[in-house]
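Visitor: Could you take me closely through one part of this model, going slowly from one side chain to the next? I would like to hear about contacts and burial together.

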Amino acid sequence: MSTTFPTLCATLLALAAGPALAHITLEQPEAVAGSAYKAVLRVGHGCDGSPTTRITVLLPEGLRGARPSPKPGWLLETRKAPLAQPYESHGRRITEDVVEVRWTARGEEHWLRDEWYDEFVLRGQLPAMSAPTAAPAALWFKVRQDCAQGQWDWAQVPEAGVSTQGLKAPAVRLLLRAAPGDGGHAH
């Protein structure tokens, strides 16, 4: 037991430290597939000491009807694109949707200093799970963090699975789980 206990402790510490190493994270890193979701992107630092001046988020495929929240002192812009799979919403056929959200500080007085923390928020409808699965499904928010000097592209996605271990600049991961009792089937 003396050799397994230290190994277990080291593993638990590594798992606990994982989210802290991903420098942009979600307040709620798991959600029910097919539900409305409020993505609160947490920015914990700038770029090697330089303040953040812009946050650009590429939305994951399947997220529908994204509506970002404006921030005082920041210009909010969205970009739409045609959808490969149109959908119905409130009796209307939606053929294009928001695919990118950008917040840009309106001036130096609004920059997010390296030693400060802030949140950038948007809401949208998560895709349903199409088949039951034991493995978690993931949606990836790719985030570009521009700073007064330098930038971070938080856009790395694992080749397989959902683990971000070993990635230097991982995309922001949202794990999807089936609604209780639905076995992962689409609604």
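Guide: Let us begin with lysine 71, which counts as buried at 16% relative accessibility, the cut-off for that word being under 20% relative accessible area. Please keep in mind throughout that this is a predicted model. The side chain of lysine 71 forms a salt bridge with aspartate 118, and the closest N and O atoms of the two are 3.1 Å apart. Lysine 71 belongs to the loop between β5 (64-68) and β6 (74-89), whereas aspartate 118 belongs to strand β8 (residues 118-125), so the salt bridge ties together parts that lie 47 residues apart in sequence. Aspartate 118, for its part, is partly exposed, with a relative accessible area of 23%, and that value falls in this class because buried would require under 20%.

Lysine 71 has a second contact to consider, since it also lies over the face of phenylalanine 120, at 4.8 Å from the ring centre. Phenylalanine 120 is in turn a member of a cluster, in which ring pairs link Phe120 with Trp74 and Trp103. Following lysine 71 outward therefore leads to a carboxylate partner in aspartate 118, to the ring face of phenylalanine 120 and, through that ring, to the cluster with Trp74 and Trp103.

From here we can turn to strand β6 itself, where arginine 79 is found; its partner glutamate 100 is in strand β7 (residues 92-105), 21 residues apart from it, and the pair links distant parts of the chain. The bridge between arginine 79 and glutamate 100 has its closest N and O atoms 3.5 Å apart. The two ends differ in burial class, for arginine 79 counts as partly exposed at 40% relative accessibility, while glutamate 100 counts as buried at 11%. This pair does not stand by itself, as Glu77, Arg79, Glu100 and Arg102 are linked in a network of salt bridges.

To set these contacts in context, a search of the whole structure finds 7 salt bridges. Another of them joins the side chains of glutamate 30 and arginine 177, at 3.6 Å from N to O; glutamate 30 is in strand β2 (residues 30-32) and arginine 177 in strand β11 (residues 172-177), 147 residues apart. Here glutamate 30 is partly exposed at 41% relative accessibility, and arginine 177 is likewise partly exposed, with a relative accessible area of 41%.

Note on methods. Residues numbered from 1 in each chain as written. Predicted model: local features only at pLDDT ≥ 70, side-chain atom pairs only at ≥ 80, totals over all residues. Heavy atoms only, no water. Phe/Tyr/Trp six-rings, centres within 6.5 Å; stacked < 30°, edge-to-face > 60°. Lys NZ or Arg CZ within 6 Å of the ring centre and 35° of its normal. Salt bridge = Lys/Arg side-chain N within 4 Å of Asp/Glu carboxyl O. Helix = DSSP H or I, 4+ residues; strand = E, 2+ residues; numbered from the N terminus. Buried < 20%, exposed > 50% of the residue type's maximum accessible area, 1.4 Å probe, protein only.
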